[in-house]
Amino acid sequence: MAEARSAVGEPIVHALDEEESNSYLAALNEFRRSTRRRFFRTRNQIKNGMWPTSWWNLGVTVALVSIVIVTDLDIFKGINRRLWAFGEYFYITNAPPYFYLKVLILSWLFGIFFFIIVLYVRRYLLRLLLAYKGWLYEPPTKQSWITLLWGAAMRLITGPSPSTFSCQQSLPRMPVPCLPATIRKFMKSIKPLVSQEQYEQFKREGKEFEQKVAPKLQNFLHLKSWWAQNYVTDWWEKYVYLMNRSPIHINCNYYGLDNVIWKPTEFQCARAGAVAHMHMCFKRLLEREQLPAMRIRNTISVCMSQYERAYGTTRIPGEEIDDLVHVDSSQSKHIVVMRKGIYYKVDMMDKKGQLLSPKVLEGIMEWIIEDADKQQESESATAGANLAALTALKRADWAKIRKEYLLHGVNRESMEKIEKAAFVLTLETVSPESMEDRSRYMIGGNGTSMWFDKSLSLCFFANARYGFNAEHSWADAPVVAHMQEFCMTEEVLGDLYDKEGHCKDVVGVKQATYKLPSMLVWEVNEPFAGHIERARNFAIQNNSDLDLCVEVHEDYGKGFIKKCKVSPDAYIQIALQLAYYKDAGKFALTYEASMTRLYRMGRTETVRSLTPESCQFVKGMVEDNRSDEEKVRLLHEAAKVHVQLYKDSMSGRGVDRHLFALYVLCKGFNQESDFLHHALTMPWTLSTSQTPQQQMPSSPKIDYANRDKACPGGGFGPVSDEGYGISYMFPEESMIFFHVSSKKSSPLTDSRRMQHNICEALADMKKLFQSVE
C-alpha cells in the first residue's frame, strides 16, 4: 500500500509565494495564529469568570475606592483610616509625587478585592433568583407582584448580555424532587393503562419502596445535587446512551431536513460548499464565544454546555461502554467528505488561517466528485467503500471490529482523520424529491453513506437538497436545530449565490493558498471485507424494516389553536392520544421530551402526556354521548393539566429522571426494588417531540408568506418495536409537519394509518371548536 499512499498525497492548489515558502516566516505565521487562539481562549475565560460583572464595573469600583481614599468626608472616615493604615506596609511616603503612587496602588488592590466580593455576591444572588420558577407558571400579561419584583431584581443584578458560556457559573443546580410527589405523579400517569389489580400492586410496591429503600437513596441524591453540577445528567449520558449496546443507526440518531420546496441553487457542490462554510462559521463563533447565550424573555439564562461538543466529537464504540471523544478546535480544522464510498480529508483553512470561502469550497467539492469518478476503478481507493456500515452495527460488534482492524497502520491514520473531523459531509448520487424519501434517506442512508458515530453528518443530494443526521449522546435536538437554523437563515436572507446558482466570492477577503483534499487509504483483507459486508446487510435490513411517513397538515396550524385558547403543544399531544386510540382501540404510555436547561448541565425530562384528563376527552370524542360544549370543557381541562406537567418538567419537578437516578443508586448499592424495576420497564409506545425553531432572537425573522421556504423539521425512529416515534413542528401559523415512524415487522403499527388518524383527529377537534362558536 506504500504506492497508494504516495499517490494520494496532499498537493497544493497553486505554488506558495516566496514569503510563505520561507520556513522562518511560515513558523512566524503559525506562532501568530497560535498566539491569537490563546488570546481568545484567555479573554473568554476572564470574561466568563467576570460575568455578571464587567471591566466597566471593575473601573467603577477602583474609582470609588480612590474617592474614599482621597476624600475626607465623615461618612468614609472609618474606611479611609483602615485603608491608609494598610498603606503603611508599602513604605512609601505620603509626600507628593509618591502620594499619588500610593493612592494608585491602594485603589487597585482594594478595588480588585471589593470587585471580587461584588462579583460573587451578584453571582450567588443571580443563582438564587434563577432558582425561582414562579414566572414559568404565570402568563406574561398576568404576572403576580412577586414575579414583577423578581423581574426587577433580575434586571438590576444581571450584567451585560452574556457571551456563549459566561452564564454557566450563575445557573442554579437542578433540585431533587420530593419523593412522595414523584410517586404520586407516577401513579396518576399509569392509572389509565393498568387494571385496578395492577394499580393496587403498583401502589403497594411504591409504598414499600418509599418506606424501606428510598430514604437512603434520596439522601444520597441530595448530597450529589450539592456537589455535582447536575445530579442526573452524567448518569443519563452514561447509562442511557453510552452503555446501550443497540445500534445507534435509527434507534438513537435523529435527522433533519432543509426547506420544503425552495432551493437557493440547483448545484449540489455550490450548496455543499456554502453550508459547510456556514457550519465552520458557527464553529468559530462557538470557539470565540461570540454566539449570544440563549435567554428566555431576554432575561432568564439557559444552559449552553451542550454546544461545547457540537463539532469535532465522535462516539467511539466499546465492548461494554462507548466513549464520547471531543477534540480541541485546533485538531478539528478539517472535515471529511464521502463520495461513492471514497473518503477525502478537506482542510477548511488556508495558509493564513482564514476559513475557505464558499466559492473555494464549491470548487473543492467539484474536484472531489471528479476525482471519485476516476478512482472508482482503483482497488486501493474503493477498499473502504462500505466502511461506514460498521457504525450501524451493534456497539459491541463494532468495537471488536474496530479494535482488530482499524487501530493499526494506515487504517488508524484514516480513522483518526474521520474521528477528529469537525463533521462528515456526503456528496450523494441520488436525488430524492419528496420530504418522505429524503427523510428515509437521512435517518438511515443506504446503509453505507453516513458515519453515524459523528456528532454531525451532512448529506447533499445530487439535486442540491440536503439534510443532517446527528448522534444523540453529546446533545439534544434543540442544539442541532439551532445550528441548522443558523445555516438556513443565512441561505434565505444572505447573498450567498449568484444568478446562475454558484457561490459568490466573499467581499473584501483575499483567499490565501490552500490544499487540495487528500484521499483516505484503507487496508481491507478478506476477513475484514466479510465483516463490512455483514454490516452493510445488517444496515439495509434495519432500513427496510423502518416504516416512515412524513406529511404536512395544511388545514390549520397554531394560529387557529391559539384562537381556541389552548396551548399548541398540548393541543397536538391530545390529538395524538385521540389518533392512537382510533388506531389501536386503547391508550398508550406517552413520552414527550422537554428541556431542563434552566439548570446547569440540564438536558431533558419526560412529560407523561397521557393523563386521566386526556383519556376522558378521548372517550368523550369516541364513545360517550356528550355535548360539544362538554367535550370542549374536557379538552381545555386536559390541556391545562398538560401545560402544568410540561412546566413541572422544565422546572425540575418531573418524574422519570428522578426515578432513573434512584434506580442507578439502587443498583449501585446492590439493592433491588420491584417498584423501580416495573416503573422503568414499561414501554414507551408513543415517543413524541416537538422540533424547536426560531432560536436566534437577534436574527431577522424569515417571511413565511412563501410556504416553500419553511422547514419541515426532522424525526427519529420508534422507541418501542410495537410503537410509534412522532415528531411535529409548527413552522408558521397555518401548517404543521408530522414525522411518524414505526417498524414494519410489527403487526400492530402502520405509520401511514397513524398519520391518517392524526389528520382525522385534528379535523374532528377543529369541527368541535367551530360548533361551539
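## Exercises on burial and ring pairs

W236 has a relative accessible area of 12% and is buried. The model is predicted.

**Exercise 1.** Classify Y241 by its relative accessible area.

*Solution.* Take the cut-off: buried means under 20%. The relative accessible area of Y241 is 10%. Y241 is therefore buried.

**Exercise 2.** Describe the overall make-up of the protein: its helices and strands, its buried share, its contacts and its surface.

*Solution.* Start with secondary structure: there are 24 helices and 18 strands. Next comes burial. Of 773 residues, 55% count as buried. Then take the contacts with a separation of 6 or more: 78% of them join residues 24 or more positions apart. End with the surface. About 34300 Å² is exposed, and carbon and sulfur atoms supply 55% of that area.

**Exercise 3.** Find which residues of helix α20 are buried and name elements that cover them.

*Solution.* Helix α20 spans residues 612-622. Its buried residues are E613, S614, C615, F617, V618, G620 and M621. Now look at the cover. It includes α8 (179-190) and α19 (568-584). It also includes α21 (628-650) and α24 (751-771).

**Exercise 4.** Count the aromatic pairs in the whole structure, then work out the geometry of Y132 with W150.

*Solution.* The search of the whole structure gives 28 aromatic pairs. For Y132 and W150, the centres are 5.5 Å apart and the planes make an angle of 50°. This pair is tilted. Place the partners next. Y132 sits in the loop between α6 (98-130) and α7 (145-157), and W150 sits in helix α7, so the pair ties together parts that are 18 residues apart in sequence. Last, check accessibility. Y132 is partly exposed, because its relative accessibility is 23%. W150 is buried, with a relative accessible area of 10%.

**Exercise 5.** Classify the ring pair of W236 and Y241.

*Solution.* The ring centres are 6.5 Å apart. The planes stand at 90°. Planes over 60 degrees apart count as edge-to-face. The pair of W236 and Y241 is therefore edge-to-face.

**Exercise 6.** Which residues do ring pairs link into a cluster with F186, and which rings have R123 and K766 over their faces?

*Solution.* Follow the ring pairs from F186: the cluster also holds F202, F209 and F675. Turn to the charges. R123 lies over the face of Y120, 5.4 Å from the ring centre. K766 lies over the face of F560, at 5.8 Å from the ring centre.

How values were computed:
Residues are numbered from 1 along each chain as its sequence is written. This is a predicted model: local features need pLDDT of at least 70, side-chain atom pairs count only at pLDDT 80 or more; totals for chains, interfaces and linings use all residues. Side-chain values use heavy atoms; hydrogens and water are left out. Helices (H or I, at least four residues) and strands (E, at least two) are DSSP runs, numbered from the N terminus. Buried means under 20% relative accessible area, exposed over 50%, partly exposed in between (1.4 Å probe, protein chains only). Contact means heavy atoms within 4.5 Å. Accessible areas come from the Shrake-Rupley method with a 1.4 Å probe; for residues, only the protein chains shown count as cover. Rings of Phe, Tyr and Trp (its six-membered ring) pair if their centres lie within 6.5 Å; planes under 30 degrees apart count as stacked, over 60 as edge-to-face and the rest as tilted. A charge sits over a ring if NZ of Lys or CZ of Arg is within 6 Å of the ring centre and within 35 degrees of the ring normal.
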